[in-house]
Amino acid sequence: MKLRQTLTYGMFALLALGISAARAQTVDPAKPDAQPAPAVKPDAPATPAQPAPAVETKVSAEARQLLDQVNDAYAHLKSLALEGTIYGNFDVAGEKHNDTLKLSSSFEAPNKFRHYAENDLLCISTGERIYSYLKAKNRYTTAEAPKDRVANEDLPRPIPMALGMENPSLLIALSKEPAKDLIDTATEISKSEDTQIDGVGFPTLHMQLKDQTVRTLVIDPHSHLVRKVITDVSSVLKARNSPDVKLATFTIDYTTVTADASPAADLFAWVPPDGAKDIAKEAAPDETAEAAAMLEGKAAPAFKLKDMEGKQISLADTKGHVVVLDFWATWCGPCRAALPHLQSLYETKRGQGVQFFALDQSEEKDKVQKFIEETKLTVPVLLDSDGEVGGKYFVTGIPQTVVIGKDGKVAKVFIGFGPASAEELAKAVEAALK
């Protein structure tokens with residue numbers, strides 16, 4: 001798949017995942033993030049897995065010094081204008097692709113920004129609202145803009161993931177603590193050999209990220225702003241048994257970096273174009289019909305994912321069983337409302353030829369582990385860290401629950417959670433067992 005296709009689909013998935021909690025038919029809108037009641041019976045002993053000890057990011061002394069310079073440079077920015085190119089270079093399974101996309105963006109402290117990539121993704125903050133718009137689908141999502149710079153994880157979805165993929169420099173500019181946010185993404189950071197650009201040495205950071213990718217951050221020696229970002233995803237592809245992975249990198253080359261010039265005010269103004277749909281207001285039945293048409297009656301897409309103990313789970317190992325897959329995330333209010341009912345069904349049916357898996361979408365393992373312990377969830381949880389399996393199952397809104405029959409074909413697809421959802425899922429499982 002080429003770069004444009006990869007990013008366009010990925011951005012659409014992020015848009016949809018980022019707004020799922022806003023659906024009106026799912027939970028009380030006044031309490032979208034209410035904690036669900038514990039899903040196990042009061043007299044049942046809870047034996048949650050023990051959390052893995054937190055591992056501190058290893059940062060070398062030289063890297064720390066460079067990170068401090070980057071932190072100061074971005075923290076004092078009044079504005080930032082960026083122009084550049086995204087390069088995708090892949091040599092996987094005998095196929096080679098070398099593709100490019102143009103990007104442009106602007107930032108005005110503390111909370112106005114605009115990001116546009118040639119794959120038709122627009123992210124824009126007016127200072128009051130943040131919009132994420134995908135022209136190819138003519139769909140958007142919106143959220144209240146933070147009043148000031150905040151930690152990256154506190155930005156409304158899908159902004160952190162979208163900018164992390166397409167425009168890391170802008171994401172750093174939006175951060176309250178740039179160095180901390182950079183460190184929090186990594187397991188190890190070191191300073192490597194300077195990168196030569198037009199005969200000038202640019203200080204360079206080597207970052208081993210928590211998602212198993214390797215990132216190279218090239219810093220301007222004078223401004224201490226990011227000049228280039230190279231992300232190597234080869235190890236991720238190899239871990240998923242992709243054949244013959246020789247090269248798999250995304251490079252973002254910021255050819256123009258302008259600090260503290262006054263941007264035009266209209267850069268940060270935006271209204272949805274005619275016919276554009278707010279994903280949060282779209283009817284769930286349409287979404288369900290689309291996913292059902294793509295999946296029901298067809299062989300369930302194969303996958304291998306790790307559970308919370310690091311054990312690899314394969315769909316192929318469930319042959320002859322009914323399988324229930326629930327795509328969810330801790331931040332999603334409807335998911336949190338649905339999980340106790342999934343837990344109850346799991347307790348009832350797990351010894352009757354039904355296997356259950358809750359596939360967390362694109363979250364850190366520690367955050368998921370904390371949620372599991374707080375809610376006493378015992379349904380087996382799998383980590384779909386980059387949403388790849390969600391993509392195979394056409395997940396554009398969560399929760400999405402898929403029932404797979406004994407024959408390995410998708411029997412039923414449900415999206416969202418409403419008053420009748422638990423009963424409908426139970427009926428679908430019973431029908432698949434017959």
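User: Let's start with Q361: buried or exposed?
Analyst: This is a predicted model, and in it Q361 has a relative accessibility of 3%. The cut-off for buried is under 20%. Q361 therefore counts as buried.

User: OK, and which strand does Q361 sit in, and which residues does Q361 touch?
Analyst: The place of Q361 is in strand β17. Leaving out residues up to four places away in sequence, the residues that Q361 touches are F327, W328, A329, D384, G387 and G390.

User: How many Å separate Q361 and E388 in space, C-alpha to C-alpha?
Analyst: In sequence, Q361 and E388 are 27 residues apart. In space, their C-alpha atoms are apart by 9.0 Å.

User: Zooming out, what share of the residues in the chain is buried?
Analyst: The secondary structure comes to eleven helices and 20 strands. The accessible surface of the chain is about 20400 Å², with 52% of that belonging to carbon and sulfur atoms. Of the 434 residues in the chain, the buried share is 51%.

User: What percentage of the contacts with a separation of 6 or more comes from residues 24 or more positions apart?
Analyst: Take the contacts in the chain with a separation of 6 or more as the pool. Within that pool, residues 24 or more positions apart account for 65%.

User: In the largest nonpolar core, which residues touch the most other members?
Analyst: That core has 51 residues. The strand that gives the most to this core is β16 (residues 322-328), with six residues. The members touching the most others are L325, F327 and Y393.

User: Which residues does Y393 touch, leaving out those up to four places away in sequence?
Analyst: Y393 is in the group that touches the most other members of the largest core. Its contacts include two residues from that group, L325 and F327. The full set for Y393 is L295, A300, P301, F303, L315, L325, F327, Q400, V402 and I404.

User: How many residues are in the second, separate core?
Analyst: Among the members of this second core are L77, L134, L170 and Y254. The core is separate, and its number of residues is 45.

User: Now helix α11: how far does it reach from its first C-alpha to its last?
Analyst: Helix α11 covers residues 421-433, which is 13 residues. At 1.5 Å a residue, 18 Å is expected. The reach of α11 is close to that, at 19 Å.

User: Within what arc do the buried residues of α11 fall, seen down its axis?
Analyst: The buried residues of α11 are S421, L425, A428, V429, A432 and L433. An α-helix has 3.6 residues a turn, so residues three or four places apart point the same way. The buried residues of α11 line one face of the helix, because they fall within an arc of 140°.

User: Which elements do those buried residues of α11 pack against?
Analyst: The partners include one helix, α8 (333-349). The full list for the buried residues of α11 is β16, α8, β17 (354-361), β19 (400-404) and β20 (410-415).

User: On to charges: are D253 and R227 buried or exposed?
Analyst: D253 and R227 meet in a salt bridge (2.3 Å, N to O). The pair links distant parts of the chain, 26 residues apart, with D253 in strand β12 (residues 245-259) and R227 in strand β11 (residues 226-232). Relative accessibility is 14% for D253 and 16% for R227. With the cut-off at under 20%, D253 and R227 both count as buried.

User: How many salt bridges does the structure hold?
Analyst: One of them pairs K191 with D194 (3.4 Å, N to O), and another pairs K112 with E108 (4.0 Å, N to O). Bridges that share partners join E128, E144 and K147 into one network. The count for the structure is eight.

User: Any backbone oddities: which residues does the cis peptide bond with omega of about 5° join?
Analyst: Most residues other than glycine have a negative phi, and most peptide bonds are trans. P110, in the loop between β3 (95-108) and β4 (112-117), takes part in this cis bond. The bond joins A109 and P110.

User: What is phi of K376 near?
Analyst: K376 lies in the loop between α9 and β18 (381-384) and is partly exposed at 35% relative accessibility. S362, in the loop between β17 and α9 (365-375), has a positive phi near 60°. Phi of K376 is positive too, near 55°.

Definitions and conventions. Residues numbered from 1 in each chain as written. Predicted model: local features only at pLDDT ≥ 70, side-chain atom pairs only at ≥ 80, totals over all residues. Heavy atoms only, no water. Core = buried A, V, L, I, M, F, W, Y, C linked by side-chain atoms within 4.5 Å. Buried < 20%, exposed > 50% of the residue type's maximum accessible area, 1.4 Å probe, protein only. Helix = DSSP H or I, 4+ residues; strand = E, 2+ residues; numbered from the N terminus. Contact = heavy atoms within 4.5 Å. Expected span 1.5 Å × (residues − 1). Arc of directions from axis to C-beta. Salt bridge = Lys/Arg side-chain N within 4 Å of Asp/Glu carboxyl O. Areas by Shrake-Rupley, 256 points an atom, 1.4 Å probe, with all protein chains shown as cover.
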